[in-house]
Amino acid sequence: MSTKIRKQIYIQPRQEHLLKVIAQQTGVSEAEIIRQAIDLHLSEITIPQTDISLWETEREFIEHIKTRPVQAGGRDWKREDLYER
């Protein structure tokens, strides 16, 4: 027997009813039906890939701003300018 980890979950009454019906009709335990449902659902999930190219663009922009000469009287840009990028 494979190692299993105990989890407690809450399900809706209609889910419990369906689970019991399916278990009785198939002769499979409710726990096995839940495990199969989890496997089926997880196999359909695709993990999003992180695209760091946008961050690299922002990092270059930040580095560019850091190298600009200091303006007398404060900065030469407004916060709103950053949102227009």
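**An all-helical predicted model**

The protein contains four helices and zero strands. Along the sequence, these elements follow the pattern α-α-α-α. The coordinates come from a predicted model, and the description below should be read with that in mind.

The overall dimensions are best considered before the individual contacts. Along the principal axes, the C-alpha atoms occupy a box of roughly 80 × 30 × 20 Å. The radius of gyration is 28 Å, whereas a compact globule of 85 residues would have a value near 12 Å. The separation of two particular residues may be added to this picture. K4 is located in the segment before α1, and its C-alpha atom is separated by 36 Å from that of D51, a residue 47 positions away along the chain. K4 is itself partly exposed, at a relative accessible area of 43%.

The surface can be described in similar terms. Of the 85 residues, 4% are buried, a class that requires a relative accessible area under 20%. The accessible surface of the protein amounts to about 8600 Å², and carbon and sulfur atoms account for 56% of that area. Part of the nonpolar surface is a patch formed by I38, L42 and I45, which together present about 270 Å² of accessible area. Within this patch, I38 belongs to helix α2, which covers residues 30-44. I38 has a relative accessible area of 44% and is therefore partly exposed; the value also satisfies the requirement of over 30% for membership of a patch.

Charged residues form a further theme. The protein carries 13 positive and 14 negative charges, and the mean positions of the two sets lie 7 Å apart. Some of the charged side chains are paired, and the structure holds four salt bridges. One of these bridges joins K20 to E30, with the closest N and O atoms 3.1 Å apart. K20 lies in helix α1 (residues 13-26) and E30 in helix α2, so this pair ties together parts that are 10 residues apart in sequence. Both ends of the bridge are partly exposed: K20 has a relative accessible area of 40%, and E30 has one of 28%.

Helix α2 also contains a salt bridge between its own residues. The side chains of E32 and R35 meet at an N to O distance of 2.9 Å. Both residues lie in helix α2, and their spacing of three residues corresponds to about one turn of the helix. E32 is partly exposed at a relative accessible area of 27%, and R35 falls in the partly exposed class at 32%.

A comparable description applies to helix α3, which spans residues 53-67. Here the side chains of R59 and E56 form a salt bridge, with N and O 2.9 Å apart. R59 and E56 are three residues apart within helix α3, about one turn of the helix. The relative accessibility of R59 is 40%, so this residue counts as partly exposed. E56 is likewise partly exposed, with a relative accessible area of 27%.

Taken together, these details place helix α2 in several parts of the description. E30 of helix α2 is linked to K20 of helix α1, E32 and R35 lie about one turn apart in helix α2, and I38 of the nonpolar patch is also located in helix α2.

Definitions and conventions
Residues numbered from 1 in each chain as written. Predicted model: local features only at pLDDT ≥ 70, side-chain atom pairs only at ≥ 80, totals over all residues. Heavy atoms only, no water. Patch = residues over 30% accessible without salt bridge, like charges linked within 9 Å, V, L, I, M, F, W, Y side chains within 5 Å. Areas by Shrake-Rupley, 256 points an atom, 1.4 Å probe, with all protein chains shown as cover. Helix = DSSP H or I, 4+ residues; strand = E, 2+ residues; numbered from the N terminus. Buried < 20%, exposed > 50% of the residue type's maximum accessible area, 1.4 Å probe, protein only. Rg over C-alpha atoms; globule rule 2.2 N^0.38 Å. Lys, Arg positive; Asp, Glu negative; His and termini not counted. Charge placed at Lys NZ, Arg CZ, Asp CG, Glu CD.
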